[in-house]
Amino acid sequence: MSVMNMIQALNSAHHVMMERNPETVVLGEDIGYFGGVFRVTEGLQKKFGKERAFDSPISENGIVAIAVGMAAYGLRPVAEIQFADYIYPGFDQIVSEAAKMRYRSAGEWHLPMVIRTPYGGGIFGGQTHSQSPEALFTHIAGIKTVIPSNPYDAKGLLIAAIEDNDPVVFFEPKRIYNGPFDGFYERPVTPWAKHPAAEVPDGHYTVPLGKAAVVREGEAITILAYGTMVHVALATAAAEGIDAEVIDLRTLVPVDIETIEASVRKTGRCLIVHEATRTSGFGAELAALVQERCFYHLEAPVTRVTGWDTPYPHSMEWAYFPGPVRLGLALKKALED
Amino acid sequence: MNKASERPNRPALSLYVPEPPARPGDEVDFSHIEIPAAGSVRRPDVAAPASDTHELVYSLVRVLDDDGRAVGPWDPKLDPGTLRRILRDMMLVRVFDDRMYRAQRQGKTSFYMKCTGEEAIAVAGAHALDRDDMCFPTYRQQGLLVARDYPLVQMMCQIYSNRGDALKGRQLPIMYASNAHGFFTISGNLATQFPQAVGWAMASAIRGDSRIAAGYIGDGSTAEGDFHAACTFAGVYRAPVVLNVVNNQWAISTFCGIAGGELTTFAARAVGYGIAGLRVDGNDALAVYAATRWAADRARSNLGPTLIEFFTYRVEGHSTSDDPSVYRPQNAGAAWPLGDPVARLRQHLVALGEWDDERHQAQLDQLDAEVRAAQKEAEKLGTLQSDPYLNIASMFEDVFEELPWHLREQQAQAIAEGEAKRR
């Protein structure tokens with residue numbers, strides 16, 4: 001057991017899997033000698049050699065296509081897309097190829113591959129280093145979408161994703177790489193070391209895909225969150241003194257519908273929070289699922305708290321980010337309804 | 001917006017849009033095509049630096065001359081048995097194409113694509129590769145499967161989407177897949193397979209394997225970003241891959257000039273990536289064999305990729321959904337100056353004294369009977385028209401390894417819907 005931040009936990013997952021599984025290879029921009037712009041792949045090339053951890057050209061469609069070919073061969077590639085904002089050149093290879101390979105070949109080929117990518121704002125990254133494109137992937141049949149919110153889950157989920165026999169897009173909330181940022185941007189962020197989920201086993205373990213976590217129990221309202229917004233939800237509920245039940249989805253597809261249903265049936269209210277733009281965001285899918293399955297338990301409309309339907313503006317980042325003020329107002333309204 | 005009139009001292013700009021040399025109603029015109037004499041292109045050593053091939057990318061490797069003789073340094077010197085096998089496979093592809101084209105016209109399936117005139121590229125290529133090398137084909141390399149003895153009945157069942165379809169009625173006809181035959185699952189999204197072939201080859205190198213990959217792409221889809229990614233990665237990591245551009249001059253109705261074919265050759269792309277490049281007469285089975293073997297030997301020796309342009313002509317329409325007479329002269333294929341690959345190899349075997357008209361006709365009759373028998377077998381398992389693959393539950397399988405809850409629910413709903421329709 002060691003105390004780790006999310007970067008160290010993700011790094012540890014790579015080390016564990018490359019040690020255990022000779023088929024695991026890692027590729028991406030700046031991930032080799034340098035160890036990645038966020039240091040997630042640090043030490044891999046030194047320990048496992050250039051053939052298993054190598055720098056790629058600046059070619060996201062190439063990176064994904066190469067990973068598809070490698071997985072078709074029988075390797076377990078882990079491809080890093082340096083920022084989720086850069087994933088779009090690889091979109092065709094993800095949507096048309098990776099997602100459909102098992103289906104179109106009737107199982108002749110399957111692709112045990114992971115595409116890792118840091119996403120989300122709150123780092124003054126401007127439009128092209130802040131986006132949350134997860135809903136583009138949850139819409140695609142044949143892709144699993146995973147988003148951890150703490151070091152323990154990050155490592156366990158990444159190992160589970162690498163061991164999974166289907167393609168996984170693994171979004172890493174970069175705002176909380178170094179500490180559980182809770183949306184109160186004027187306060188210093190507590191480092192992970194003080195968080196219980198920073199206690200991370202050194203060896204192999206998994207957090208199963210498709211299982212959410214109830215990170216705070218409550219009776220008044222269910223908050224569905226993932227990534228950075230889990231911490232914003234927890235801090236806001238505490239600040240507002242609201243007895244909210246906070247669910248960290250961890251996997252968006254397949255989503256853990258049982259945990260969601262059980263909670264909403266108990267609380268009778270549901271608020272969904274994500275940093276991504278609102279229209280056709282994953283919150284829309286969650287809202288539809290909740291009303292389809294829990295309608296007669298609901299005492300108020302299902303509410304969404306999200307980023308605005310604009311690009312992520314650089315200087316007005318905190319006016320964009322769905323922080324404690326937006327969430328707090330929405331929570332109070334949902335409880336009054 | 002600035003208008004020309006506001007700057008009278010400058011010439012008005014105009015946009016150049018390439019046009020093919022001939023359109024419907026025009027005489028077929030292949031006068032722009034330069035054809036060097038067979039045997040005139042030198043053959044670099046397999047271990048030569050890539051740059052040593054770069055002057056060859058503007059030429060054309062040819063082995064068979066007009067009299068059917070194999071000449072020059074690229075002659076692969078194949079034994080008569082192998083030559084006859086290549087001829088037989090090409091003939092079989094053609095017979096098969098004709099039967100399946102007809103089946104589509106009879107309404108037994110929705111779609112078919114012939115490879116008439118391009119048989120040598122897949123067939124001779126397959127014989128030059130090792131049996132377990134992995135091919136990443138486009139939709140026009142059915143010859144790879146034929147040359148690797150994939151059962152004709154299986155091909156037909158896929159085309160019919162019937163009960164025997166190994167792909168469970170999911171794929172457009174002719175988009176076969178067989179891992180055991182080294183034939184990667186075909187995608188309708190063009191060019192995607194090209195960098196995948198490179199990834200597969202890189203994986204083979206990482207694992208210290210001895211198998212190589214062969215990717216195929218058309219002239220038109222070299223314009224996709226995936227082509228650039230494939231050449232970049234293949235060059236950078238010296239991937240053990242043969243990158244084949246099948247330049248059949250036409251991308252549906254669009255001539256190769258729209259993909260840059262007027263400006264230079266497709267083989268010349270290799271120069272910019274610093275990889276070996278060859279430009280080869282794609283209607284000359286011996287040249288195809290020799291070039292593929294040269295590139296494969298090179299890849300297998302850790303000397304990196306080769307980009308080969310196979311210069312050929314799409315004799316028929318793009319697919320059964322296409323009518324080429326509306327955008328190019330009639331019978332253009334028959335006028336193609338590099339001839340027909342089957343006729344040329346036949347002529348060569350006859351010249352060697354290893355073949356004659358009687359044997360040719362007998363083989364044609366036998367292949368025809370073989371294909372008809374296979375068709376009969378396949379149709380016992382249904383056609384798209386009469387008895388297609390219908391297993392509603394299976395529609396939800398293979399999206400993931402295991403069925404998640406939402407697909408289980410949708411599966412139950414679809415099954416109930418099927419039952420409701422029957423009532």
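**View 1. The two domains of chain B sit 38 Å apart, centre to centre.** That separation is taken over the C-alpha atoms of domain 1 and domain 2 of chain B. Keep in mind for this and every other view that the model is predicted. As for where the pieces begin and end, the domain assignment gives chain B residues 50–380 as domain 1 and residues 392–422 as domain 2.

**View 2. Chain A also splits into two domains.** Here domain 1 covers residues 2–200 and domain 2 covers 213–336. Their C-alpha centres are 25 Å apart. Where the two meet, domain 1 of chain A puts in 31 residues and domain 2 of chain A puts in 30. Zoom in on the domain 1 side and you'll find α6 (134–138), β6 (144–146), α7 (151–163) and β7 (168–173) of chain A, the elements that each give two or more residues to the side touching domain 2. Sorted by class, that side of domain 1 of chain A has 14 nonpolar, 12 polar and five charged residues.

**View 3. An open sheet of seven strands in chain A.** Walk across the sheet and the strand order reads β3-β2-β4-β5-β7-β6-β12, with mixed pairing. At the edges are β3 (53–55) and β12 (251–253) of chain A, each with a partner on one side only. From one strand to the next, the twist averages 20°.

**View 4. Strands β2 and β4 of chain A, side by side and parallel.** Five bridges hook β2 (residues 24–28) up to β4 (residues 76–80) of chain A. For a landmark, pick A:Val25, which stands opposite A:Pro77 in β4(A).

**View 5. Strand β13 of chain A, mostly covered.** This strand spans residues 270–277 of chain A, and eight of its eight residues are buried. One partner is β10 (residues 221–225) of chain A, which runs parallel to β13(A) and is joined to it by three bridges. Another is β14 (residues 303–307) of chain A, paired with β13(A) in the parallel sense over five bridges. A:Ile272 is a handy spot to centre the view: A:Leu224 stands opposite this residue of β13(A), and A:Ile272 in turn stands opposite A:Arg304 in β14(A).

**View 6. A right-handed β-α-β unit in chain A.** Follow the chain from β13(A) through helix α10 (residues 282–294) to β14(A), and you've traced the whole unit. The two strands here are the parallel pair with five bridges from the previous view.

Conventions: Residues are numbered from 1 along each chain as its sequence is written. Chains are lettered from A and ligands numbered from 1 in the order in which they are written. This is a predicted model: local features need pLDDT of at least 70, side-chain atom pairs count only at pLDDT 80 or more; totals for chains, interfaces and linings use all residues. A residue is buried if 20 or more other C-beta atoms lie within 10 Å of its own, exposed if 12 or fewer, and partly exposed in between; C-beta atoms are placed from the backbone. Helices (H or I, at least four residues) and strands (E, at least two) are DSSP runs, numbered from the N terminus. Two strands pair if DSSP finds at least two bridges between them. A crossover is right-handed if, with the strands pointing away from the viewer, the path from the first strand over the helix to the second runs clockwise. Domain bounds come from an automatic or database domain assignment. Axes are lines fitted to C-alpha atoms, for helices over the stretch in contact, and angles run from 0 to 180 degrees between N-to-C directions. Two residues are in contact if their C-beta atoms, placed from the backbone, lie within 7 Å. Ala, Val, Leu, Ile, Met, Phe, Trp, Tyr, Cys and Pro count as nonpolar, Asp, Glu, Lys and Arg as charged, and the others, Gly among them, as polar.
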